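Reader: Hello! I have just started looking at protein models, and I would like a close look at one part of this one. Could you take me there slowly and explain the terms on the way?

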Amino acid sequence: MRRHFYLACGFLSLGLGAIGAFLPLLPTVPFMILAAFCFARSSPALEARLLEHRHFGPHIRRWRERGAISRRGKKAALAAFAFSGVLALFLSPFPWCLIPVAAALIGGTWIWTRPE
């Protein structure tokens, strides 16, 4: 049962990552890292395919080895967080607009402190 749960979560993460490749505010690589995590617990063959992928494999391996995020990835994530925060400030009423801004600050700080 647990294996099927991880397999389903892996495919869901893979699908969200694929959608994120085309939508500018949805991240791709974090979903691929999550998919690799889930596939490691459910399907070693699918995990191996992700690790050998020419675009996502290096990011997944770098994350597993050192917890590292590339400088380009950091810049893209921080730009998306900033855009989302500004958008929330303009489109949400006052007390509610602070929630996405706080989430962006917390998430952005965490990403910024990861090694490269």
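Author: Happily; we begin with the whole chain and then turn to the loop that holds Thr-28.

This is a predicted model, in which local features need pLDDT of at least 70 and side-chain atom pairs count only at pLDDT 80 or more, while totals for chains, interfaces and linings use all residues. Residues are numbered from 1 along each chain as its sequence is written, and side-chain values use heavy atoms, with hydrogens and water left out.

First, the overall picture. The chain has 6 helices and 0 strands, where helices (H or I, at least four residues) and strands (E, at least two) are DSSP runs numbered from the N terminus. Read from that end, the elements run α-α-α-α-α-α. The C-alpha atoms fill a box of roughly 50 × 30 × 25 Å along the principal axes. The chain is divided into domain 1 (1-66) and domain 2 (69-111), with bounds that come from an automatic or database domain assignment. Their contact takes 4 residues from domain 1 and 6 residues from domain 2; contact means heavy atoms within 4.5 Å. The centres of the two domains, taken over C-alpha atoms, are separated by 23 Å.

Of the 116 residues, 29% count as buried. Buried means under 20% relative accessible area, exposed means over 50%, and partly exposed is in between (1.4 Å probe, protein chains only). Among contacts with a separation of 6 or more, 56% come from residues 24 or more positions apart.

Now for the close look. Thr-28 sits in the loop between helix 1 (2-20) and helix 2 (29-40). Is Thr-28 buried or exposed? Thr-28 counts as buried because its relative accessibility is 14%. A polar atom of the Thr-28 side chain lies 3.1 Å from the backbone nitrogen of Ala-21. Apart from neighbours within four places in sequence, Thr-28 is in contact with Gly-17, Gly-20, Ala-21 and Phe-56.

Let us follow one of those partners, Gly-17. Gly-17 belongs to helix 1, and with a relative accessible area of 0% it is buried. Setting aside residues up to four places away in sequence, Gly-17 touches Pro-27, Thr-28, Phe-31 and Met-32. Pro-27 is 10 residues from Gly-17 in sequence, and their C-alpha atoms are 6.8 Å apart in space.

Two other loops make good comparisons. Ser-42, in the loop between helix 2 and helix 3, is buried, with a relative accessible area of 4%. Which residues does Ser-42 contact, leaving aside neighbours within four places in sequence? They are Arg-3, Tyr-6 and Leu-7. Ser-42 and Tyr-6 are 36 residues apart in sequence, yet 5.7 Å apart in space, C-alpha to C-alpha.

His-55 lies in the loop between helix 3 (44-51) and helix 4 (57-66). Here the label changes: His-55 is partly exposed, because its relative accessible area is 47%. From C-alpha to C-alpha, His-55 and Val-29 are 9.3 Å apart in space, with their positions 26 residues apart in sequence.

To find your way back, start at Thr-28 in its loop, look for the backbone nitrogen of Ala-21 at 3.1 Å from a polar side-chain atom of Thr-28, and then move to Gly-17 in helix 1.

How values were computed. Polar contact = N/O pair within 3.5 Å; in protein donor to acceptor, adjacent residues only side chain to side chain.
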